[in-house]
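Subject: Structure handover

Hello,

Here is the structure I said I would pass on. Please open it and keep it beside you while you read the notes that follow.

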Amino acid sequence: MGTGLVSETDHEKWKMKRLAVNPAFHRKYLKELMAQFNSSCDIFLAKLAELADGKTEVKMADEFNRITLDIIGKVAFGTDLNAIHEPDSLFPSAIRESLAAPIWCLTHPLHAIDFTSYGYQNTVVSAVHFLRDTGKKIIDERRKAIRNGDDVPSDILTYILKSANEDTDLEYEELLDHFVTFFVAGQETVSGTLSFMLAEAGKHPEVENRLVQEAEDVLGSHQIVSYDDLSKLNYTGLVMKETLRLHPSVPGFTRVMDKDDELGGHKIPAGTLINIGVHVLHHSPKYWNDPEKFDPERFLAKNDENEAGYSHYAYIPFSLGPRHCIGQTFAEFVAKVLMSRFLKSFKFKLVPGQDFGYEDPKTTLSPKDRVRCTLTLR
């Protein structure tokens, strides 16, 4: 990801980059992209309809992987990766390799001199080159179209490129870093959230029934989700929040102390890396009542002072502060559109006996058995 928004550690440089791309992820801008969200969902539902015979096992985590990849491709970069219909597409596998590699490095501290692992390391290097080369091609084609005055998609890439023309500080390599960051950081996190949402709904019939009823009430006979519908899908939003509490997409992240300070009675010098255990925090009985229980309505609870019934700093699936995830609103849009339309279209049953734990460690959390379901048309 080079020095994209996730990996840039110089705070002043990061602020300039964030300011340059912030408007492209604002709710007002994403509002204009609802047609693209829904058109990708149309293709997704049409494919699932072919499998909805009540017998065929469908790995919904894999299907969510493909649809979120397609949505990011279209909404952010105006490109059709056709991942929904190409299960062997190189793009998702390259992203998986890139996400697994950092954890592998932590567990293989001598990898730089371990010649027996060079084969794997070359695979990761190839994956990274593939992602960046794809980004170069897409950015170059769009830049050329803008220079020629051609019609270009009103997507996030167009916004960033036009902003870059006004802001010469945004260099080509930084654009490429943003491209890779949005794909790598966005695709697996959103698809993981959708997968765990579906798994939890399947394990809690009362939750599933309320989600289905809300989708019916809000969408009615409509086949698309409008921007105004998003604010009415309140219970869907609560289920997403509780899913991210129990299964945070990124189970931990790192911050750097920018000055000498004290934590827990220990003096911490500037420059020290601090690991934040999001998953541990979200499951802590110190901050959550019955933390292992899936309870979407806990986010409606108020205390005696009419404030949220949980500590603001105990819930950080998107981080907090100035470096909170820029894609939070994007993730909300995708989750509400896909989940409401999926549940309005299909009945699903979880295949018995599967493991709802997590895959082998990587940067993001994914369901081990891929949320295997059988589908029928509703």
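A helix here is a DSSP run of H or I with at least four residues, and helices are numbered from the N terminus. The model is a predicted one. With that in hand, you can place Ile67, which sits in helix 4, residues 60-77.

Is Ile67 buried or exposed? Buried means under 20% relative accessible area. Ile67 has 0% relative accessibility, so it counts as buried. Leaving out residues up to four places away in sequence, Ile67 touches Ser40, Cys41, Phe44, Ile84 and Leu338. You can also check one distance: from Ile67 to Leu81 it is 9.9 Å, C-alpha to C-alpha, with their positions 14 residues apart in sequence.

Now the protein as a whole. It has 13 helices and seven strands. Its radius of gyration is 21 Å, close to the 21 Å that the globule rule gives for 378 residues, so the protein is as compact as a globular protein of that length. The C-alpha trace spans about 60 × 50 × 50 Å along the principal axes. Of the 378 residues, 48% are buried. If you take the contacts between residues at least 6 apart in sequence, 72% of them join residues at least 24 apart.

Next, the core. The largest nonpolar core contains 91 residues, and Met60, Leu198, Phe342 and Leu375 have the most contacts inside it. Helix 8, residues 172-203, supplies the largest share of this core, with 13 residues. Leu375 is a useful one to click on. Once its neighbours within four places in sequence are set aside, its contacts include Met60 and Phe342, both also listed among the core residues with the most contacts. Leu375 is in contact with Leu48, Leu51, Ala52, Asp53, Gly54 and Val58 as well, and with Phe346, Lys347 and Phe348.

Last, a pocket. The second largest pocket holds about 460 Å³ of space. Which of its 19 lining residues are closest to the centre? They are Gly237, Lys241, Tyr315, Phe318 and Gln328. Two elements, helix 11 (234-246) and helix 13 (328-345), give two or more residues to the lining. Helix 11 provides the largest share, six residues. Sorted by class, the lining has ten nonpolar, six polar and three charged residues.

Regards

Notes. Residues are numbered from 1 along each chain as its sequence is written. This is a predicted model: local features need pLDDT of at least 70, side-chain atom pairs count only at pLDDT 80 or more; totals for chains, interfaces and linings use all residues. Side-chain values use heavy atoms; hydrogens and water are left out. A nonpolar core is a set of buried Ala, Val, Leu, Ile, Met, Phe, Trp, Tyr and Cys residues joined through side-chain atoms within 4.5 Å. Buried means under 20% relative accessible area, exposed over 50%, partly exposed in between (1.4 Å probe, protein chains only). Contact means heavy atoms within 4.5 Å. On a 1 Å grid over the protein atoms alone, a cavity is a set of points where a 1.4 Å probe fits but cannot get out, and a pocket is an open set with protein on both sides within 12 Å along at least five of seven lines; lining residues have an atom within 4 Å of a point. Grid points are joined across faces, edges and corners, and a volume is the space filled by probe spheres set on the points. Ala, Val, Leu, Ile, Met, Phe, Trp, Tyr, Cys and Pro count as nonpolar, Asp, Glu, Lys and Arg as charged, and the others, Gly among them, as polar. The radius of gyration is taken over C-alpha atoms; the globule rule is 2.2 Å times the number of residues to the power 0.38.
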